[in-house]
Every structure is written in structure tokens, then in C-alpha cells.
Amino acid sequence: MPKITFMPMNQTVDVKEGETLLEAAENFNIPLQHACGGFCACTTCHVIVKEGEKNLSPAEEDEEERLDRATGVTLKSRLGCQAKVTGDVVVEIQHEGFGH
Ligand code: FES
């Protein structure tokens, strides 16, 4: 089973292959925001991949375009609702979902 470590809370969870980062976060009550409900229409699920970028599904055009508008975007940025996990990854949440 792939493992995802979410930063900054440093919580590691086991997930099913093919799940998105957002689905995994929701299953484990990890505060990853998703204002648009996971439809690649906001950027609140923005994460920065710290390790294991190869273990995520490649970004599609929609995701790239959306990320271009995110604040603090880096070459390792992904949208949590679009990136599917195929192996171990470490990601850092950019907008924690507390109070939203
Ligand atoms: S939840 Fe809105 S783009 Fe991912």
C-alpha cells in the first residue's frame, strides 16, 4: 500500500493505489481544503511535493492551468484533488483547512 506523509502535521497514512491526495486526506481527517469540491476549479488543495513526485499521476493540462493561478506555486506544486497516488509520497499542505 502506498503511504502519504502530510506536512506540516507530519501524519503518515496508508492509502489505496489510485486514490487522490484529497480523498486520502478526507478519509483520515487531514485538513486539506477543497473549496471547489475536488473539481480542479480552485487552488485551495495546493500541496508541494517534498518526496516521491514520480509516485503521483502526471498533471494534466487543466491542473497545470489552474496551478498557474495559485499563490506560491513551485515546480513541485500539485492539486491534491487531481494527483493520484501510486507509491510513497511526502507532501506539504499549503492551505490548512482549519476554520473553513
Ligand atoms: S479542490 Fe478545488 S482544485 Fe482541488
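## A guided tour, starting at asparagine 29

Select asparagine 29 to begin: it counts as exposed, because it has 10 C-beta neighbours inside 10 Å and the cut-off for exposed is 12 or fewer. The model in your viewer is predicted. Asparagine 29 sits in the loop between α1 and β3. Check its backbone too: phi is near 55°, which is positive in a residue that is not a glycine. For background, most residues other than glycine have a negative phi.

**Stop two: further along that loop**

Keep the loop between α1 and β3 on screen and move to cysteine 40, which is also placed there. Cysteine 40 has a positive phi as well, about 60°, although it is not a glycine. Is cysteine 40 buried, exposed or partly exposed? With 16 other C-beta atoms within 10 Å, cysteine 40 is partly exposed, because that class lies between the limits of 12 and 20.

Now add phenylalanine 39, again in the loop between α1 and β3. Phenylalanine 39 has 12 other C-beta atoms within 10 Å and is therefore exposed. Then add glycine 38, another resident of this loop. Glycine 38 counts as partly exposed, since it has 17 C-beta neighbours inside 10 Å.

Which residues does glycine 38 contact, once its neighbours within four places in sequence are set aside? Select Leu22 and Cys81 to see them.

Next, bring in leucine 79 and draw two C-alpha to C-alpha distances. From glycine 38 to leucine 79 the distance is 9.0 Å, across a sequence separation of 41 residues. From phenylalanine 39 to leucine 79 it is 10.0 Å, with 40 residues of separation in sequence.

**Stop three: the sheet**

Hide the side chains and switch to a cartoon. The chain has two helices and five strands, and along the sequence they follow the pattern β-β-α-β-α-β-β. Colour the strands and step across the sheet: the order is β2-β1-β5-β3-β4. This is an open sheet of five strands with mixed pairing. Which strands are at the edges? They are β2 and β4 (77-79), each of which pairs on one side only. From one strand to the next, the twist averages 35°.

**Stop four: the hairpin of β1 and β2**

Zoom in on residues 3-7, which make up β1, and residues 11-14, which make up β2. These two strands pair in the antiparallel sense over four bridges. For one of the partnerships, select threonine 5 and look across to β2, where its bridge partner is threonine 12.

Three residues lie between the strands of this hairpin. Pick asparagine 10 in the hairpin and you will find a positive phi near 55°. Then select proline 8, whose place is in the loop between β1 and β2. Is the peptide bond from methionine 7 to proline 8 cis or trans? This bond is cis, with omega near 5°. As a reminder, most peptide bonds are trans.

**Stop five: the nonpolar core**

Go back to β1 and show the side chain of isoleucine 4. Leaving out neighbours within four places in sequence, isoleucine 4 is in contact with Val13, Val15, Leu21, Ala24, Val85, Val89 and Val91. Isoleucine 4 belongs to the largest nonpolar core, a group of 19 residues. Which members of this core touch the most other members? Show Ile4, Leu21, Val85 and Val91 together, for these are the ones.

Colouring by element helps here. Two or more residues of the core come from each of β1, α1 (21-27), β3 (46-51) and β5 (89-93). The helix α1 gives the most, with four residues. In soluble globular proteins, nonpolar side chains tend to be buried together.

**Last stop: the whole chain**

Zoom out until everything is in view. Along the principal axes, the C-alpha atoms fill a box of roughly 30 × 30 × 20 Å. The radius of gyration is 12 Å, which agrees with the value near 13 Å for a compact globule of 100 residues. Colour by burial, and 32% of the 100 residues count as buried.

To finish, draw the contacts between residues at least 6 apart in sequence: 69% of them join residues at least 24 apart. Among the contacts you have already visited are those of glycine 38 with Leu22 and Cys81, and those of isoleucine 4 with residues including Val85 and Val91.

Note on methods: Residues numbered from 1 in each chain as written. Predicted model: local features only at pLDDT ≥ 70, side-chain atom pairs only at ≥ 80, totals over all residues. Pairing = 2+ DSSP bridges. Core = buried A, V, L, I, M, F, W, Y, C linked by C-beta atoms within 7 Å. Contact = placed C-beta atoms within 7 Å. Rg over C-alpha atoms; globule rule 2.2 N^0.38 Å. Axes fitted to C-alpha atoms, helices over the stretch in contact; angles between N-to-C directions.
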